[in-house]
Amino acid sequence: MGKYILKRTLNSLLTVAIVFVAVFMLLRLMPLSGYFPQEMLKETDEATRMSYLRNQGLLDHPMVQLGRFVKNLFHGDLGRSLTVYPKVPISTLLKEKIPVTAAFGFSSMLIGIVLGLSLGMLMVRFKDRWGDRLGTGYILMVRAIPNLIYLFFIQVWVSLWFGLPMVFEKNMPSSWILPVICLSLGSIAWYALWLRRFMVDEENRDYVKFALVKGLPQKEVWKKHIFKNAIIPLVIYLPSDLLFIISGSLVIESLYAIPGTGGLLTTAIKNQDNNLVQVIVLMYAVLSVLGVFLGDLLIAAVDPRITLTED
Amino acid sequence: MKRFIAILMTLIMAMSMTMTAQGEDLAAAANAIIESKTFERTYDTNFSSSIASFNYYSTNLAIVREIVSNCIDGLVEPDIYGVYVPSLAESWETNEDQTVWTFKIREGLKWVDHTGAETEYELTAQDFVDGIRYIGDPLNGAYSLRVVRNLIKGLYDYYWLLDDIDCGLVTDQNREDVVKQFDEMVGVKALDKYTVQYQLENSAPYFLSLLESSMLILPVEYEYAMALGEDFAVDNEHLLYCGAYYVSNFERDKAITLSANTHYWDYDKITLDTVEYQMIPDGTTSLEMFKRGMTDYTSVEAEAYDSLVGTEWEDNLLPTSHSFSTNYLWLDFAGENTEFKTFINNENFRKALLYSMDREVLAALREPVDPARILRNTINAEGAIYDSNGKDYTDYSPLKEIKETNFNNPELARQYMEAAIAELCDENGNIKGVEPATVDYLPVCSFDIDGKLPVTICYVGTDDEDEIIMAQLFKAMIEDSLGAENVDFQIQAFSGWTYGTVADPLNYDIYFDSLSTGYADPSGILTRVTTDGAENVGRYDVPEFDALIEKALAAKTFEERLQYFAEAEAYLCGNGFIIPFISSLRGYYMSYSIPYTSPLTLYGNTKYKGTLVMAEPITQEESAVLEAAYEVAREAALAGK
Amino acid sequence: MENMQLNPLKFRAKVFDQMASEDTGYSNYSYWRSTFRTFFKNKAVMLLVILIVAIIVMGFLYPAISDIDPNKVSLKRKEWNQRPTWEHWFGTDQLGRDIWTRAWYGVRNSFLLAFCIALSDVGIGMIVGAIWGYNKKLDPIMIEIYNVITNIPSTVYLVLLAYIMNTSYLTLFISMASRGWIVEARFFRNRILSIRDSEYNLASRCLGTPMRRIATKNIIPHIISLIIMEAALCIPYSIGSEVFLGFVGVGLPVEAITLGNIVNQGRASFTLHPYQMLLPTIILCIITVAFYVIGNKFADASDPRNHV
């Protein structure tokens, strides 16, 4: 077990390192003019721009820049944002933005799991009857209608009908409702869909039929056999989902003016804010390999058939 | 109907304005409106783009400008009529040729911090000197330096000397020594504790307007800023204030609160205790929130305007007043597309383009009611620059003729086009001297040309939705009036942030852009668009224009200067070297604040000192009366200046 | 329980039939025929298939026979944003272009695009997945490649791509297809692994069945339903991601019409002129629902246990 964990950790570190260096080098391939917004390009001359870039250390060899970043990282210094929030320490930015997004992410994840699993069970319980149809209808709706359309609809009309605020406000809990609902619509559908699928699969298994034939009460079989087995393939995603509650939704955060991390990465890349991009990519890569790793550990813990040793 | 009444009323008011006797009646009517209202002490407004930082030397973001203009005072400020009145400077004087400006600063003012408490730092002449010291150091990365750097004596040399040292070009001088020599090298001096003097390279009669428009001349408490280093102005807690307000609360990308500065020298004039900003990223949302009473201001775009006509809100729609930014088309005179290059260097073709567009239809995209209001045929805006007799710059001949020409004339455009074709093509429609080729405008586009009519035109604009719609109108209009058999108009769009790969390497034939009159002098734009000017991204060659600009810069009086500039601008626009067509003004707005109570800031700032905010939105009728009274009063104020 | 008694009258002895007893080992079962029979037995599925075929036919036929230019801009303001009339069944958009016409052009372009992407994602994904699943030595390397590719934010290389290439269908295709294949490959690898090592295949191999036969009879029928489902989901996916790509700057040429860019015309059109969204949204929903249901039902139908 210890050996396995060590090996996995080293492996994960390698992945993170490759991803990070790849992104770092890709960023240095971008044209120098990209460091300046349009207005600035028009206002400044070439020499002023070069002097700015040199002062920011952007003209140094990429390897020198990489070395500097890693060195600062070990000193706990994430650096400062370059173009999106000039000079603002990235650690400050993350400290401001992550809690907001995480709060929304966590509540919507919770709602997604609770409502999603309930809906999934409802659908299996009433398979091919009204419950199933209702659930399928919901899932299809969420997937089929372009999300911008129903998100606009919720923000403009639902807020009007229920007298809810149209944008997020920190001190007004009623303004948290709509964004959380919008965020959880998709995950409810996802959990319901897959739980139904896995439970139906389990239901048809021979051991279930055998258990029922043996005379075990239906409820018992459901609880102890079907649900338990069906939930296992879902459990593996749980740690990842939990870790990634800090990456918000670009569309929903911008609609409700939530000052979170949603559009941060995309904005940073578009504005060529190398420092910010690097930190975020590094953070997400670490979380991602960690999530997979924890998922494997978790599934081994809940499913006794799985052991974490090399075959 | 209400709209009609409002327009009628405005007309009556405008006529009555000529009779000064009625001016007093108007003032009384306006006063009656204002007195009938109850006023709020809080104003809830909104902003749409995220705030990068409060460092006023290194940003030009509109929302930061707005906040800084309320929080950091300059030497002078405009009153509600746009006349410059003392602000931090009590008085000022200038020499004969307006190259030396001396300001006497109010005594005993202290900087305040983000809690509104006075700090130990006193506001002195040195703080203004230090502002220039700050921007003069390339390490501080000041934004949009050109105008100020070239104007203040010695600043240009100081900046580049430091830069040369930084990049190792100059090794015999040491950075610290040069920085110490700032006071000798650069023409900004603290004559005594409360007197600051600016020595300029050229005569600058417009210097006061530059003080209003450029954030680079604002003061800074150097000791404080240097102690903070890179942390200076990253949020409201790392900044000192000396204006009517201070930023008491700041949530990045979310909310900003301005609170009245109780230590402000002009505290009695402050009418709002707090100005609350919240971020609303989308215009539709802010309109909805305004209707629900959750914000005190919203802009109303042309499309939304139509939806409000006939509703209870129709009466509250007010036209936005002015914008000195002009939309225009660049033409590439030396592009790779030889078909277009051949034609654009022909005067007849340029004139054909000039007359080919129905500018009112384009304007209707932004101003649905009275599109003609936002047409603009000149580069510098009307109402931005006046000579010492109060005559508007755009009323100087021959610019006045350009301003008043109706350029929507498809027949004339067609005639010019046929003349151009007759000169440039043989009878089979082959363009003389143009071989078939592939034009490489990557990453924007690449296309083949065949050396025959129609002339391929590659139009490039950003992928902004409104701009694309406008581009599609350009295409329809130009192909309609010049004939689709003569021109083939292709639209290409690029993402805003890839501008550097489009305009620098000149990957376009026609390019949509805007220029803005930054201060009360035509030189602001015109010196940038000369043959070797920084903004001449069309690479045209116009010695006649250059000569006029030279003359203007050497002129003895301000009037003579404006005259030459007007001739130069008329030459450039009249011959179609660049094609200005509308102002950047966008439609309408609704607000709870009473118009004409805030200082008349012309160059992109907004000041809340004196702004009156009511309990309900202002209506068109009220606004019309106030406007009429204001116009009379302004006339008098400007004459009294 | 007590009432249930066997009634001997209900039973009759069967006469022994020599011919019939010889017959048992054979049935005329054909996998594909059974699959399609099961599939088309469902009336709702029939309806959806007809609908989708109708939409596709309309999408390809209408642009070919109609002489209305979908990009014809009107210079008269009153022709902009028209409500539905006899002349324009679904109204006109903000420049007076006919929405009905644009929708069908959009259907055609979106389908072609989605089809190419489905082909590349699922096609490449399947081939790579099969090799990956069958070659144990490749596995650690492939997993590393997968981890790296999926952990690099696509925006990074999409923005780079936007700097290098101009806006065109090809660019859009390259950027959309840039990542899908590895995700699909991993998916197929997992399925193939589990099927390959399942008991009946082990048994089959022990009995000496040639690999080719195992692949064609035991593995591909299982995979085929997955392929169809994945391919079906590519259509709504590609329409959704087109919008994001436009945002990043590798969108389509300005004048290109797709369902994606019609539906995402922007916030203003949605609140002010909802009818402009009607037709394209309905078509989009039908397509998504139809492909989802068809994919699911086909997956069910292709499961031999559901065959009659």
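**Exercise 1.** At roughly what angle do the axes of helix 9 and helix 12 of chain C cross? Classify the packing and list the contact.

*Solution.* This is a predicted model, where local features need pLDDT of at least 70, side-chain atom pairs count only at pLDDT 80 or more, and totals for chains, interfaces and linings use all residues. Residues are numbered from 1 along each chain as its sequence is written, with chains lettered from A and ligands numbered from 1 in the order in which they are written.

- Step 1. Locate the helices (DSSP runs of H or I, at least four residues, numbered from the N terminus). Helix 9 of chain C covers residues 211–248, and helix 12 of chain C covers residues 275–301.
- Step 2. Take the axes (lines fitted to C-alpha atoms over the stretch in contact, with angles from 0 to 180 degrees between N-to-C directions). They come within 8 Å and cross at roughly 170°.
- Step 3. Classify. Helix 9 of chain C is therefore roughly antiparallel to helix 12 of chain C. The classes are: under 35 degrees roughly parallel, over 145 roughly antiparallel, 65 to 115 roughly perpendicular, the rest oblique.
- Step 4. List the contact (C-beta atoms, placed from the backbone, within 7 Å). Helix 9 of chain C contributes residues including S225(C), M229(C) and P236(C); among those from helix 12 of chain C are L284(C), F291(C) and G295(C).
- Step 5. Sort by class (Ala, Val, Leu, Ile, Met, Phe, Trp, Tyr, Cys and Pro nonpolar; Asp, Glu, Lys and Arg charged; the others, Gly among them, polar). The contact of helix 9 with helix 12 of chain C has 14 nonpolar, four polar and no charged residues.

**Exercise 2.** Which residues of helix 4 of chain C meet helix 12 of chain C? Give the geometry too.

*Solution.*

- Step 1. Helix 4 of chain C (residues 99–134) packs on helix 12 of chain C at about 25°, with the axes 10 Å apart.
- Step 2. That angle makes helix 4 of chain C roughly parallel to helix 12 of chain C.
- Step 3. I99(C), W100(C), A103(C), G106(C) and V107(C) meet Q276(C), L279(C), P280(C) and I283(C) of helix 12 of chain C.
- Step 4. These residues divide into seven nonpolar, two polar and no charged.

**Exercise 3.** How many residues does chain B give to the contact with chain A? Break that side down.

*Solution.*

- Step 1. Chain B gives 34 residues and chain A gives 32.
- Step 2. On chain B, helix 6 (155–166) and helix 11 (283–291) each supply at least two residues. Helix 11 of chain B has the largest share, three residues.
- Step 3. By class, the side of chain B has 14 nonpolar, nine polar and 11 charged residues.

Terms used
Contact = placed C-beta atoms within 7 Å.
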